[in-house]
Amino acid sequence: MIIVIQCTDRIGLVAGISGLLSQKQFNIISMQEHVDNAEQLFFMRIEVDKTNGTAQLEKDMLQILPEGAIVKINPDTEKKVIVLVTKEYHCLADILVRNYFNTLGATVQCVIGNHATLQDICRRFNIPFYPVLFEGDNRAFEDNLLEIIEQYEYDYIVLAKFMRILSADFVGHFGKRIINIHHSFLPAFAGASPYRQAHERGVKLIGATAHYVTDQLDEGPIIAQQIIPANHSHTVQDMVKAGKEIETAVLAKALKLVFDDRVFVYKNKTVVLE
């Protein structure tokens, strides 16, 4: 069972929390904590080997923590996700393979695409696929997305190279439950053919960023990032291939961190207890 705590920092928090768990016969398997001194905030992630008595534990925990504390107790570590895609397959394929072999840390409920390009690969993995084509009316498009999403139980929505900008109203409906992946060339090389633009400029690093989605485009709290070197010998096609590989790796890492309850969000940043 995972317990995550976020609250105002003060002396004695670790002792108080561990003492309460001991009193309630919860054996601690691992405990990680971090203090943001500038914000005076305390973050903790605890794994325990007992899964009953969670409702009372949450009440007791809130009694010993500072006012306004956030406590989440998650006896079921298997999350549920809905994936949104367009035409690029690399991130979706990785998610479907991990889902098939039970290594994703979550179960894929369905895939929704604004093109039908990736319907066949979902069929091969026996995952429901819903094509929702954009026909010029963004409100109707997002209403159609919501209608499908609300048919399922889910913890997170993953944008696996979903190439449409979502409205602030749509994003606000989900809070910090939408996760996106994009290449690191933004904002320098926006628009069409970013890898060609980067190649022409002689860029020496290729990277990717996974982040929570907010109403500020590609500026949400960052979960994971990574870069790899490029040089003059790389063609545009080489850079595109490397970009896809690093996007796949970074999204996989970010999803594992989130599904393992290792990511805390405050203001527009994260604390990640790896």
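Begin with the sheet: in this predicted model, select the 7 strands that form an open sheet in the order E7-E6-E5-E8-E9-E10-E11, and note that the pairing is mixed. The two edge strands are E7, residues 129-131, and E11, residues 222-229, and each of them pairs on one side only. If you look along the sheet, you will find that neighbouring strands are turned against each other by 20 degrees on average, with direction ignored.

**Strand E9 and its partners**

Now select strand E9, which covers residues 178-183, and ask how many of its residues are buried. The count is 6 of 6, so the strand is mostly covered, where buried means under 20% relative accessible area. Show the side chains of E9 next: Ile-178, Asn-180 and His-182 point one way, whereas Ile-179, Ile-181 and His-183 point the other way, and all of these residues are buried.

Add strand E8, residues 156-159, to the selection, and you will see a strand that runs parallel to E9 and is joined to it by 3 bridges. Within this pair, Val-158 stands opposite Ile-179 of E9. Then add strand E10, residues 205-212, which pairs with E9 in the antiparallel sense over 5 bridges. Here the bridge partner of His-183 is Ala-208 in E10.

**His-183**

Stay with His-183, which lies in strand E9, and select what surrounds this residue. Which residues is His-183 in contact with, leaving aside its neighbours within four places in sequence? They are Phe-189, Pro-194, Tyr-195, Gly-207, Ala-208 and Glu-247. His-183 has a relative accessible area of 11%, and it is therefore counted as buried.

**Arg-177**

Step back to Arg-177, which is found in the loop between helix H6, residues 168-172, and strand E9. Is Arg-177 buried or partly exposed? With a relative accessible area of 30%, Arg-177 is partly exposed, because that value falls between the 20% limit for buried and the 50% limit for exposed. Leaving aside neighbours within four places in sequence, Arg-177 is in contact with Tyr-154, Asp-155, Tyr-156 and Ile-157. If you also select Gly-53, which is 124 residues apart from Arg-177 along the chain, you can draw a line between the two C-alpha atoms, which are separated by 27 Å.

**Helix H8 and the cavity**

Select helix H8 and colour it so that it can be followed over the sheet. H8 lies across strand E5 (79-85), strand E6 (106-113), E8, E9, E10 and E11, and it runs at about 150 degrees to E11.

Helix H8, residues 236-259, also leads to the next stop, since helix H3 (90-100) and H8 each supply at least two residues of the lining of the largest cavity. Rolling a probe the size of a water molecule over the atoms shows where empty space is left. The count comes to 1 cavity of 30 Å³ or more, and the largest cavity has a volume of about 30 Å³. To see its lining, select Cys-91, Asp-94, Ile-95, Arg-98, Thr-248, Leu-251, Ala-252 and Leu-255. These lining residues divide into 5 nonpolar, 1 polar and 2 charged.

**The second largest pocket**

Move on to the second largest pocket, which has a volume of about 630 Å³. Of the 24 residues that line this pocket, the closest to its centre are Val-4, Lys-72, Tyr-156, Asp-261 and Val-263, and they make a good selection to centre the view on. Strand E1 (2-8), strand E4 (70-74), E5 and E12 each supply at least two residues of the lining. The lining of this pocket divides into 12 nonpolar, 2 polar and 10 charged residues.

**Two loop residues with positive phi**

End the tour at two loops. Select Asn-126 in the loop between helix H4, residues 119-124, and strand E7. Asn-126 has a positive phi of about 60 degrees, although this residue is not a glycine. At 69% relative accessibility, Asn-126 counts as exposed.

Then select Lys-267, which lies in the loop between strand E12, residues 263-266, and strand E13, residues 269-272. What is the phi of Lys-267? The angle is near 50 degrees, again a positive value in a residue other than glycine. Lys-267 has a relative accessibility of 62%, so this residue counts as exposed.

Notes:
Residues numbered from 1 in each chain as written. Predicted model: local features only at pLDDT ≥ 70, side-chain atom pairs only at ≥ 80, totals over all residues. Heavy atoms only, no water. 1 Å grid on protein atoms, 1.4 Å probe; cavity = no way out; pocket = protein on both sides within 12 Å on 5 of 7 lines; lining within 4 Å. Points joined across faces, edges and corners; volume = space filled by probe spheres on them. Helix = DSSP H or I, 4+ residues; strand = E, 2+ residues; numbered from the N terminus. Nonpolar A, V, L, I, M, F, W, Y, C, P; charged D, E, K, R; others polar. Buried < 20%, exposed > 50% of the residue type's maximum accessible area, 1.4 Å probe, protein only. Pairing = 2+ DSSP bridges. Axes fitted to C-alpha atoms, helices over the stretch in contact; angles between N-to-C directions. Contact = heavy atoms within 4.5 Å.
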